[in-house]
Each structure stands twice: as structure tokens, then as C-alpha cells.
Amino acid sequence: MAIGIGLLGLGTVGAGVAEILTSPEGRHPLVGELALRRVAVRDLTRPRPVALDPALLSTDPEVVVDDPAVEIVVEVLGGLEPARSLILRAIAAGKPVVTANKAVIARYGEEIAAAAAAKGVYVLIEAAVGGGIPIIEPLKQSLGGNRIRRVSGIINGTTNYILSRMADEGAAYADVLADAQRLGYAEADPAADVEGHDAADKIAILAGLAYGGPVPRSGIATEGINRLDARDVAYAAQLGYVVKLLAVAERVELPAPSTAPGGIVHLDVRVHPTLLPRHHPLAGVHGVNNAILVEGDPVGEVMFYGPGAGAGPTASAVVADILNIAGIRQVGGAEAGLDPLLAASSWRRCALVDGSLTCHRNYVRFQTRDEAGVIGRIGTCFGAAGVSIQSIVQLEGKDSAAEIVVITHEVQEARFREALAAIEALGEVSMVAACLRTL
Ligand SMILES: NC(=O)c1ccc[n+]([C@@H]2O[C@H](COP(=O)([O-])OP(=O)(O)OC[C@H]3O[C@@H](n4cnc5c(N)ncnc54)[C@H](OP(=O)(O)O)[C@@H]3O)[C@@H](O)[C@H]2O)c1
């Protein structure tokens with residue numbers, strides 16, 4: 001018996017999903033049992049890359065969700081509304097949902113998971129992070145026995161493409177962005193990508209799964225690559241580093257353990273341009289590819305790598321979720337219980353720690369007067385705040401100015417800021433020109 005699929009959206013991802021569903025040859029036999037029953041679009045006249053019976057298309061997505069022939073709803077519309085309401089509508093009707101929508105899941109994941117649990121239906125989100133890379137199910141299931149120390153990743157292909165070209169060509173950010181837009185690698189409005197918000201949505205989802213509880217999306221410290229200077233990419237290379245936009249979720253041990261049931265896990269979750277040592281596993285991830293490094297006890301380091309976006313890779317993840325749901329239905333019929341590992345479930349609370357208490361290594365570039373003793377006075381300010389320095393070098397600046405680049409050892413953010421304030425007050429220092437995290 002065919003399983004009816006309702007597709008909300010026939011854009012980049014939706015067309016990729018329709019392509020797989022209408023060409024089952026050579027794929028898993030269950031693909032042949034999935035029948036595309038209805039498809040929601042905004043514009044019925046727009047040409048589509050996949051040939052579908054025009055009678056399947058509707059401009060009313062609620063009609064698609066409500067159609068009795070639709071048993072699984074696939075949401076690939078994008079945006080917050082009406083996507084969120086349509087997902088909840090499907091759940092209320094007892095229909096499982098597959099979505100690629102990281103923006104909705106990062107903000108309303110808790111509401112959606114609670115509604116799904118109450119109704120006993122699945123909401124699967126493999127395509128929401130990392131495109132074609134399987135990372136959601138591995139975090140939920142395959143790595144479930146671990147104590148996760150850190151999840152870090154390059155999870156935005158657009159910014160990784162821009163940074164790769166800045167490093168390879170020494171090109172300026174604005175020039176590479178314009179080129180990326182022309183080539184279709186960056187949106188006309190690139191803000192969500194270049195300001196880091198897309199990566200913040202995704203790390204919120206990954207952290208929630210890795211640590212077992214929802215992470216407050218609005219509390220994630222986010223800095224994009226839009227203010228990154230090509231000089232810092234070049235200086236980083238001279239010092240043996242590669243600059244990447246990294247999204248990181250890390251467990252922080254606080255002195256007083258929580259007494260809450262299930263415990264509270266304290267996390268440092270952030271997105272920012274980061275200097276990676278050239279031989280770090282994530283430093284070799286180039287172009288639009290994504291990679292996620294999971295560090296856990298006892299597994300050690302596991303890295304997931306591959307195409308982070310695009311019609312085919314993202315549809316691959318969407319269809320895998322549909323097959324998971326279809327397979328469970330086939331095995332257990334209507335009586336099949338909810339598989340707790342496959343379902344999104346929370347068993348703990350996650351709290352974000354105050355950023356000033358977290359510890360990091362830093363890269364900082366000062367513009368100073370080119371005169372004797374400046375390096376010494378900068379070093380003294382760092383020392384007085386208890387910041388230990390790994391390297392300090394003077395690089396050639398323009399006219400009578402000098403550029404001094406410092407890489408610190410790991411230090412508490414509050415102490416580092418205290419040192420920066422003291423250095424900025426020195427007469428011979430004209431500005432803190434750049435400040436980046438270093439792994
Ligand atoms: N693109 C990727 O590589 C990628 C990767 C991972 C995750 N995602 C996620 O997947 C989702 C879809 O992305 P996409 O790139 O496929 O977007 P897209 O190309 O803009 O497609 C959106 C589709 O939804 C339809 N649509 C939008 N609002 C609608 C409404 N109110 N009623 C009916 N139809 C509506 C559009 O119809 P028309 O075609 O008629 O305009 C279009 O077919 C997003 O959540 C995105 O974040 C995308």
C-alpha cells in the first residue's frame with residue numbers, strides 16, 4: 001500500500017525531494033511505495049525542474065496538510081510563518097512531519113516536540129543542519145552513550161565559500177561576496193548567512209540534541225564574517241592558522257552541581273570567526289562544504305563531512321527521514337509505538353553560561369605608533385590582567401603606524417577584556433583593529 005506524501009514547497013529542496021520520489025529505480029525499495037499526493041507552491045505558473053501532474057499543485061498549503069490522502073507532511077517552505085503553524089496543524093491531525101526548516105526548529109522546536117509527543121507522531125529534522133550530512137540521527141542515536149564535551153562545526157556553506165576564497169586569493173570580503181551572489185552561492189540578502197544567524201540556528205539544534213535539552217536560541221553569542229578584514233586572514237596564515245566561521249557548543253563545568261532532576265548542563269554556545277591551527281581537522285574544509293566535529297567520552301573525536309546544502313544533498317536527508325517514518329509504519333502499522341530515540345525528546349535543562357566567565361584563546365590586532373617600547377607596554381598590560389601571551393609580533397603598517405598581532409593562551413573572557421581596555425588607554429595605541437577567537 002502506497003504511503004501518501006504531502007509536499008509543502010517545490011523550490012530548491014522541494015524539487016529535489018520530488019525528483020527522488022518520482023524516480024525510485026535503484027534506490028531503497030520503500031521509495032517506490034511513497035506516493036506524492038499533493039504539493040503546495042506560491043506560484044502555479046512558475047516553471048519547475050521536475051515534471052509533475054499539474055493537478056497535484058495547490059496554492060493553499062492547508063489543503064495539502066488536510067488532504068486525507070496525505071499521511072506524511074514534508075515542510076520545505078522556509079521562513080517562520082506559515083511554516084510553524086502548518087507543522088503544528090499536521091501534528092494536530094496525527095500526521096508525522098519531516099522538515100528542513102532550521103529557523104523554525106531553532107525557535108519553536110520545544111513547542112513542536114511537545115505537540116508531537118502529546119500526539120505520538122514523529123517530527124524528523126535531518127535536513128535542517130548540514131544538508132546531506134547525516135548528523136541529527138547520529139547525535140540522537142549513534143552517539144547517545146557518550147558524554148559530549150564539544151560539538152563544533154562549519155555549518156554555513158556560503159560563509160565557508162567566501163572565507164576559502166579570501167584565504168586563497170587574498171581577496172577582500174565585499175568583492176568575494178559580490179562574486180558569490182553572482183554565482184548563486186550567496187542569497188541576494190546575505191544577512192542570515194554572513195552575520196552568523198543561520199549558523200546560530202543550526203548550533204542551537206545540534207546542542208539541544210547533543211546535551212538533551214532545548215537551548216535558548218536568543219542567548220547564543222553570534223558574530224559573522226561581515227566585518228572580517230582580509231589582512232587578518234593573511235596574518236593568520238602567516239602565523240599558521242586558517243580563519244573559519246565556527247559554531248561551537250561546549251559543556252562548561254561549574255563548581256556547584258545542579259540538584260534539578262536530570263541535572264542542568266551549562267553550555268557555552270557561540271558563533272564567530274575563529275583561527276584554527278592549519279592541521280586542525282576542520283581547517284581543511286573548503287568551499288561550500290560543511291563539517292561537524294563531535295568530541296565525546298568515550299568515543300573521542302568523530303567528524304562528519306560533506307555537502308551542506310543544495311537540492312540533491314538536502315533532499316537526500318529529507319527522503320531518509322520520510323523512509324524512517326514509512327519503515328516504522330510498515331513494521332508496526334498503526335499500533336507502532338513512538339521510538340524514543342528517533343523522536344525528539346528532552347531529558348534535561350540546558351543553561352547558557354555568562355560569556356564573561358568562559359575561557360578562550362584570542363587573536364588581537366592593534367594599530368599603534370611605530371616606536372620603541374610599545375610591544376613591552378602591551379605585554380605589561382596583558383600580564384597585569386593575568387593574560388598569558390603565546391606570541392606577539394610586529395607587522396608592517398602604513399606610514400608611521402605599526403600593526404601588532406598578539407595570540408594569547410587560554411584566558412577568561414573578563415580578564416582579556418580588562419587587558420584590552422588598559423591597552424586601548426595607552427597613548428601610543430590608536431585602536432584595537434581586530435579581535436578573533438583562536439582554537
Ligand atoms: N536550499 C538549500 O540548500 C537548503 C539546505 C538545507 C535546508 N534548507 C531549508 O529548506 C527550506 C526550503 O528551502 P529552499 O531553498 O528549497 O527554498 P525555496 O527555493 O525558496 O522554496 C520555497 C518553496 O516554498 C513555496 N512557498 C513558500 N511560501 C509559500 C506559501 N505561503 N504557500 C505556498 N507555497 C509557498 C515556494 O513556492 P514558489 O516556488 O511558487 O515560490 C517554493 O516552492 C528552508 O527552510 C531552508 O532553510 C534549504
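**Exercise 1. Is His360 buried or exposed?** Work out its place in the structure and list its partners.

*Solution.* Keep in mind that you're looking at a predicted model.

Step 1: find the residue. His360 sits in strand 14.

Step 2: check its cover. The relative accessible area of His360 is 5%. The cut-off for buried is under 20%, so His360 is buried.

Step 3: look at who touches it. Skipping neighbours within four places in sequence, His360 is in contact with Asp268, Arg270, Thr408, His409, Glu410, Val411, Glu413 and Arg437.

Step 4: pick out a polar pair. The side chains of His360 and Arg270 are joined by a polar contact of 3.4 Å.

**Exercise 2. Follow strand 14 along to two other residues, Val364 and Thr368, and describe their surroundings.**

*Solution.* Step 1: place them. Strand 14 covers residues 359-369, and Thr368 lies in it. Val364 is found in strand 14 too.

Step 2: check burial. Val364 has 0% relative accessibility, so it counts as buried. Thr368, at 2%, counts as buried as well.

Step 3: list contacts, again leaving aside residues up to four places away in sequence. Val364 is in contact with Phe382, Ile404, Val405, Val406, Phe416, Leu420, Val432, Ala434 and Cys435. Thr368 touches Val374, Ile378, Ala401, Ala402, Ile404, Glu428, Val429 and Ser430. Spot the name that turns up for both: Ile404 is in contact with Val364 and with Thr368.

Step 4: try a distance. From C-alpha to C-alpha, Val364 and Gln141 are 40 Å apart in space, and 223 residues separate them in sequence.

**Exercise 3. Repeat the job for Glu250: which strand holds it, and which residues does it touch?**

*Solution.* Step 1: Glu250 belongs to strand 9, residues 241-251.

Step 2: its relative accessible area is 18%, so Glu250 is buried.

Step 3: apart from residues up to four places away in sequence, Glu250 touches Arg149, Arg150, Tyr211, His266, Leu267, Asp268 and Arg270. Two of those names should ring a bell: Asp268 and Arg270 are also contacts of His360.

Step 4: for a distance, take Val70. Glu250 and Val70 are 180 residues apart in sequence, and their C-alpha atoms are 40 Å apart in space.

**Exercise 4. How many disulfides does the structure have, and why can't Cys359 and Cys381 form one?**

*Solution.* Step 1: searching the whole structure turns up zero disulfides.

Step 2: recall the cut-off. The two sulfur atoms have to be within 2.5 Å.

Step 3: test Cys359. Its closest cysteine sulfur belongs to Cys435 and is 15 Å away, so that's too far for a bond.

Step 4: test Cys381. Here the closest cysteine sulfur is also in Cys435, 15 Å away, and again too far for a bond.

Step 5: compare their cover. Cys359 is partly exposed at 40% relative accessibility, whereas Cys381 is buried at 13%.

**Exercise 5. Describe the ligand's surroundings.**

*Solution.* Step 1: count the shell. The ligand is surrounded by 23 residues, and the closest are Leu10, Val13, Asp43, Arg48 and Gly310.

Step 2: sort the shell. It has eleven nonpolar, seven polar and five charged residues.

Step 3: find the oxygen partners. A backbone N or O atom of Gly310 is 2.7 Å from a ligand oxygen, and one of Leu10 is 2.9 Å from a ligand oxygen. Arg46 uses a polar side-chain atom instead, 3.1 Å from an oxygen of the ligand.

Step 4: add up the cover. On its own the ligand has 900 Å² of accessible area, and the protein covers 80% of that.

**Exercise 6. Look for unusual backbone geometry around helix 3 and elsewhere.**

*Solution.* Step 1: know the background. Most peptide bonds are trans, and most residues other than glycine have a negative phi.

Step 2: hunt for cis bonds. One joins Glu81 and Pro82, with omega about 10°. Pro82 lies in the loop between strand 4 (72-75) and helix 3 (83-92). Another runs from Asp297 to Pro298, with omega near 15°, and Pro298 is in the loop between strand 11 and strand 12.

Step 3: go along helix 3. Seven of its ten residues are buried, among them Leu86, Ile87 and Leu88. The buried residues pack against several elements, including strand 1 and helix 4.

Step 4: see what follows. After helix 3 comes Gly94, with a positive phi near 80°.

Conventions:
Residues numbered from 1 in each chain as written. Predicted model: local features only at pLDDT ≥ 70, side-chain atom pairs only at ≥ 80, totals over all residues. Heavy atoms only, no water. Buried < 20%, exposed > 50% of the residue type's maximum accessible area, 1.4 Å probe, protein only. Near = heavy atom within 4 Å. Polar contact = N/O pair within 3.5 Å; in protein donor to acceptor, adjacent residues only side chain to side chain. Areas by Shrake-Rupley, 256 points an atom, 1.4 Å probe, with all protein chains shown as cover. Nonpolar A, V, L, I, M, F, W, Y, C, P; charged D, E, K, R; others polar. Helix = DSSP H or I, 4+ residues; strand = E, 2+ residues; numbered from the N terminus. Contact = heavy atoms within 4.5 Å.
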